[in-house]
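Reader: I would like a close look at one part of this model, the positions that the database record lists as binding sites, with enough of the surroundings to place them. Please set out where they lie and what they touch.

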Amino acid sequence: MSSVSLSRYLIEQQRVHGSIPPPLRLLLEVVARACKRIAISVGKGALGGVLGSVGTENVQGEVQKKLDIIANEVLIEANEWGGHLAAMASEEMDGIHPIPNRYPAGEYLLLFDPLDGSSNIDCNVSIGTIFSVLKKQREDPSVIDPVCEADFLQPGRQQVAAGYCLYGPQTTLVLTVGNGVAIFTLDREQGAWVLTQDRVRIPEDTREFAINMSNMRHWAAPVRRYIDECLAGKEGPRGKDFNMRWIASMVADVHRILSRGGIFLYPWDKREPDKPGKLRLMYEANPMAWIIEQAGGAATNGVQRILDIQPRHLHERVAVILGSKNEVERVTRYHTEAA
Ligand code: AHM
Ligand code: MG
């Protein structure tokens, strides 16, 4: 059978399932093309002069790496002129980026974490790009007010597409448009995305967890209880041994969970009691939560489904617990029992 390209996959989704209007399909193709360009820069590493920091901080006070900035610029340049977007928002920019007047504007809103796993860039460990697409919702479409931050503040269940690109030993694009999860691998010789897995399913049970254990002393009781029980192994209440993996690139940790199951936690902790968590709701948690749910897993912040959270700010943070369904439900139950 001939291989299925990203374009063919998207056209068939549109034809058979009606889940992708043409402007959304074209927008996703542009995002995928931008990811190819980012993959080239990532692959060059020191030879391309792209490693190291630039000496600036983003809106969250994190030091920006050269590749954070490069990836952000590539995504903006690639997506500005196509006519499908009203605006973009990025983890690396303070405010939204409306489409400049010299280009036609469309109805979609694109959000991204241009380079996730920044601490891994300089040590040649897998990193990625995460993206989410929303549609501008206006009660009266004839009102043509300029696009603003409030247009972006939609719960994750309203996403119309979400995905990530993982720059690892292989470059992989993972995508959902609400009809399951598809994985494409970059064929470097052809420069083409080839469908390598469709209808991905995450096992409901697992013996593997991913959490930054160095924060253990700061966790809340329900998270501590869950991890303590995992660590107790066969002799403990779970009656089985658990393995642990932590790559510190959410894209890579989530990809492992899509491949073989597992649970990922970045919980609230008492170092920053006023912040719900480290990860960003709109650039990281929402797209990953939808992908995980579309593959049969679950995603909560401990008390609520992530996709139901009503965002109040663009750069809002959230606690994240996602992966194999039965484990996520267990951690969520521990939170309810402790409340
Ligand atoms: P980034 O977007 O600045 O790279 O930060 C997000 C990353 C996630 O990819 C990862 O899960 C987490 O931060 C790692 O945090 P830690 O350094 O505490 O292990
Ligand atoms: Mg990130």
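Author: What follows treats the listed positions one after another, and then turns to the loops, a strand and the helices elsewhere in the chain. The model is a predicted one, and the values below are computed from it.

The UniProt record, in an unreviewed entry, lists Asp 113, Asp 116 and Glu 284 under "binding site". These three positions span 172 residues in sequence, yet no two of their C-alpha atoms are more than 8.5 Å apart, so they gather at one spot.

Asp 116 has its place in strand β5, a strand that runs over residues 108-116. Asp 116 counts as buried because it has 29 C-beta neighbours inside 10 Å, where 20 or more are required for that label. Once its neighbours within four places in sequence are left aside, Asp 116 is in contact with Ile 127, Gly 128, Thr 129 and Ile 130, with Ser 249, Met 250 and Val 251, and with Glu 284.

Glu 284, for its part, lies in helix α7, which covers residues 281-294. With 27 C-beta neighbours inside 10 Å, Glu 284 also counts as buried. Leaving aside neighbours within four places in sequence, the contacts of Glu 284 are Asp 113, Asp 116, Ile 130, Met 250 and Leu 279. Glu 284 is thus in contact with both of the aspartates that are listed with it. Ile 130 and Met 250 appear among the contacts of Asp 116 and also among those of Glu 284.

The unreviewed UniProt entry gives a further "binding site" list, made up of Asp 116, Gly 117, Ser 118, Ser 119, Asn 212 and Lys 278. Asp 116 therefore belongs to this list as well as to the one with Asp 113 and Glu 284. Ser 118 is found in the loop between β5 and β6, and with 23 C-beta neighbours inside 10 Å it counts as buried. Not counting residues up to four places away in sequence, Ser 118 touches Lys 65 and Asp 68. Asp 68 falls within helix α3, which spans residues 66-80.

Lys 278 is found in another loop, the one between β13 (263-266) and β14 (279-280). Lys 278 has 20 C-beta neighbours inside 10 Å and counts as buried, since the label applies from 20 upwards. Its contacts, with neighbours up to four places away in sequence left aside, are Tyr 266 and Arg 317.

The loop that holds Ser 118 also holds Asn 124, in the stretch between β5 (108-116) and β6 (127-135). Asn 124 has a positive phi of about 60° although it is not a glycine. Most residues other than glycine have a negative phi. Whereas Ser 118 counts as buried, Asn 124 is exposed, with 11 other C-beta atoms within 10 Å. Arg 199, in the loop between β10 (192-197) and β11 (208-210), likewise has a positive phi, of about 55°, without being a glycine. Arg 199 is exposed, again with 11 other C-beta atoms within 10 Å.

Helix α7, the helix of Glu 284, also includes Ile 291, which is one of the contacts of Val 174. Val 174 sits in strand β8, residues 171-176, and is buried, with 25 other C-beta atoms within 10 Å. Its remaining contacts, beyond four places in sequence, are Gly 163, Tyr 164, Val 181, Ile 183, His 255 and Leu 258.

Helix α3 in turn packs against helix α2, their axes coming within 9 Å and crossing at roughly 150°, and α2 and α3 are therefore roughly antiparallel to each other. The residues that meet include Val 30, Val 31 and Ala 34 in α2, and Leu 67, Ile 70 and Val 74 in α3. By class, this contact of α2 with α3 has 11 nonpolar, 2 polar and 2 charged residues.

Helix α2 (residues 22-44) packs as well with helix α1 (residues 6-17), at an angle of about 160° and with the axes 10 Å apart, so that α1 and α2 are also roughly antiparallel. The crossing of α1 and α2 is right-handed, as is the crossing of α2 and α3. Leu 6, Ser 7, Leu 10 and Gln 14 in α1 meet Pro 22, Arg 25, Leu 28, Glu 29 and Ala 32 in α2.

Technical notes. Residues numbered from 1 in each chain as written. Chains lettered and ligands numbered in written order. Predicted model: local features only at pLDDT ≥ 70, side-chain atom pairs only at ≥ 80, totals over all residues. Axes fitted to C-alpha atoms, helices over the stretch in contact; angles between N-to-C directions. Helix = DSSP H or I, 4+ residues; strand = E, 2+ residues; numbered from the N terminus. Parallel < 35°, antiparallel > 145°, perpendicular 65-115°, else oblique. Left-handed = near helix turned anticlockwise from the far one by under 90°. Contact = placed C-beta atoms within 7 Å. Nonpolar A, V, L, I, M, F, W, Y, C, P; charged D, E, K, R; others polar. Buried ≥ 20, exposed ≤ 12 C-beta atoms within 10 Å, placed from the backbone. UniProt positions renumbered as here; feature names shortened; annotations may be inferred.
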